[in-house]
Amino acid sequence: MNRRLTGIAATAVVLALSATACSSSKSSSGGSGAKAAAGGAGAKGAATATSAADLGGMDALVAAAKKEGTLNAIALPKTWANYGALMDAFTAKYGIKINDANPDGSSQDELNAIKQLAGRNNAPDVVDVGQAAATAGAAAGQFAPYKVATWSQIADAQKDSQGLWYNDYGGYISIGYDAGKVKTPPTTLKSLDNPAYKSQVALNGDPTKANAALSGVFAAALANGGSLDNVQPGIDFFAKLKSEGIFIPVAATQATIQSGTTPITIDWDYLQASAASDLKAKGIDWKVVVPSDGLFGGFYNQAISATAPHPAAARLWEEFLYSAEGQNLWLKGMARPAELPALQQAGTADATALAALPPVNGTPQFATQDQVTAGSKLVVTGWAKATG
């Protein structure tokens, strides 16, 4: 489980806005219809194209992207949400090389790179960021508006109306544990308050900096009488576990799991579930439970840099990600893609991958921007004192 931070202290991080999407989905790999055919010589340049049609259609976009030959990505760990397979598939399909800078970087690192590297060939073309960074980047004019062919298949609450950012994939906070070391399987977040788990429970990072860890605090708040408007019970819960020697302030990774340092981790379910197969090869029986007492979810977001050095490749990457092929590759990585309800309605969701998702029972809660802004500020100011 790689760690991707979101720069909470810098951007007052915000998670995704909604839990569900509706309507049907079609692959975005097809043509753009009559409007595309009419593009011709009058089509816009890639840097100002707000759709494939603006450039003359998908064929024209593909040709322009292939001519550029390169896509600069950033902060995409290969084991995160199946990004390794996504990048390989894109390169195999279009022959475009992907440079992935700083794979374990943060969303804030991504925004910083857009600003600091503007005008250089190694600047990011596209970003995958948490909601706080998506909101901040859009407000700062760092993103270019673009609407993929399947734009209507992304729920309104999961995208910026102008196309500056759009949800890509998400999931739920979960508990992962080494069944070989943890003899009493945890089933809820509250069940972690057990002396049997001494020196075993960890988050995926520091919640004052890491999106997944902050989300773990929100989930703990829901499990302990708090709410999306009151995360203090979540902070108090971890403070109690720390005082009892149960919670350890170690950022959980596959390496810490293999070493036995963090046999119980709280993290996104898609990271835990995808890690299970890797850990199995290491002889570790990793189990994943989505706790019903703290059912908290969130999405990440795609955006195109307004100063992308490879603007056509950036737009083609988004078209690929929001095609049925791209969405199903996220699904195969145990992440729930934004267009999943549409894929299911159209019958194009990968059935095997869908069945492999960790079961979810109950009604998930997703925080609004205001709720997470307030909650993250509380965590930033109170976490160190509570768990130090």
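Strand E5 and strand E9 (residues 297-305) pair in the antiparallel sense, and five bridges join them. This pairing belongs to a predicted model, and the report starts from E5 before turning to the chain and its salt bridges.

**Strand E5 and its partners**

In the pairing with E9, Gly171 of E5 stands opposite Gly298. E5 also pairs with strand E10 (residues 336-337), again in the antiparallel sense, over two bridges. There, Gly170 stands opposite Arg336 of E10.

Two further strands pair with E5. Strand E7 (residues 264-268) does so in the antiparallel sense over five bridges. Strand E8 (residues 286-289) is likewise antiparallel to E5, with four bridges. Gly176 has a bridge partner in each of these strands: Thr265 in E7 and Val288 in E8.

Is strand E5 enclosed by the rest of the structure or exposed? E5 covers residues 166-178, and 13 of its 13 residues are buried, so the strand is largely enclosed by the rest of the structure. A residue is called buried here because its relative accessible area is under 20%.

**The chain as a whole**

The chain holds 16 helices and 10 strands. Of its 388 residues, 57% are buried. The accessible surface of the chain comes to about 14,300 Å², and carbon and sulfur atoms account for 52% of that area.

How do the contacts spread along the sequence? Taking contacts between residues at least 6 apart in sequence, 77% join residues at least 24 apart.

**Salt bridges**

How many salt bridges does a search of the whole structure find? The search finds eight. The table gives three of the pairs, with the distance between the N and O atoms.

| Acidic residue | Basic residue | N to O distance |
|---|---|---|
| Glu325 | Lys93 | 3.1 Å |
| Asp156 | Lys159 | 3.8 Å |
| Asp350 | Lys332 | 3.8 Å |

The salt bridge between Glu325 and Lys93 has its closest N and O atoms 3.1 Å apart. This pair links distant parts of the chain: Glu325 lies in helix H13 (residues 324-332) and Lys93 in helix H5 (residues 83-94), 232 residues apart. Glu325 has a relative accessibility of 35% and therefore counts as partly exposed. Lys93 is also partly exposed, with a relative accessible area of 35%.

Asp350 and Lys332 meet through their side chains in a salt bridge of 3.8 Å, N to O. This pair, too, links distant parts of the chain, its residues being 18 apart. Asp350 sits in the loop between helix H14 (340-346) and helix H15 (351-356), while Lys332 belongs to helix H13. Asp350 is partly exposed at a relative accessible area of 22%, and Lys332 counts as partly exposed at 48%.

In the salt bridge between Asp156 and Lys159, the closest N and O atoms are 3.8 Å apart. Are these two residues buried or exposed? Asp156 has a relative accessibility of 64%, so it counts as exposed. Lys159, at 10%, counts as buried.

Salt bridges can also be linked to one another. Which residues are linked in a network of salt bridges? They are Asp193, Lys240 and Glu244.

Technical notes: Residues are numbered from 1 along each chain as its sequence is written. This is a predicted model: local features need pLDDT of at least 70, side-chain atom pairs count only at pLDDT 80 or more; totals for chains, interfaces and linings use all residues. Side-chain values use heavy atoms; hydrogens and water are left out. A salt bridge is a side-chain nitrogen of Lys or Arg within 4 Å of a carboxyl oxygen of Asp or Glu. Buried means under 20% relative accessible area, exposed over 50%, partly exposed in between (1.4 Å probe, protein chains only). Two strands pair if DSSP finds at least two bridges between them. Contact means heavy atoms within 4.5 Å. Accessible areas come from the Shrake-Rupley method with a 1.4 Å probe; for residues, only the protein chains shown count as cover.
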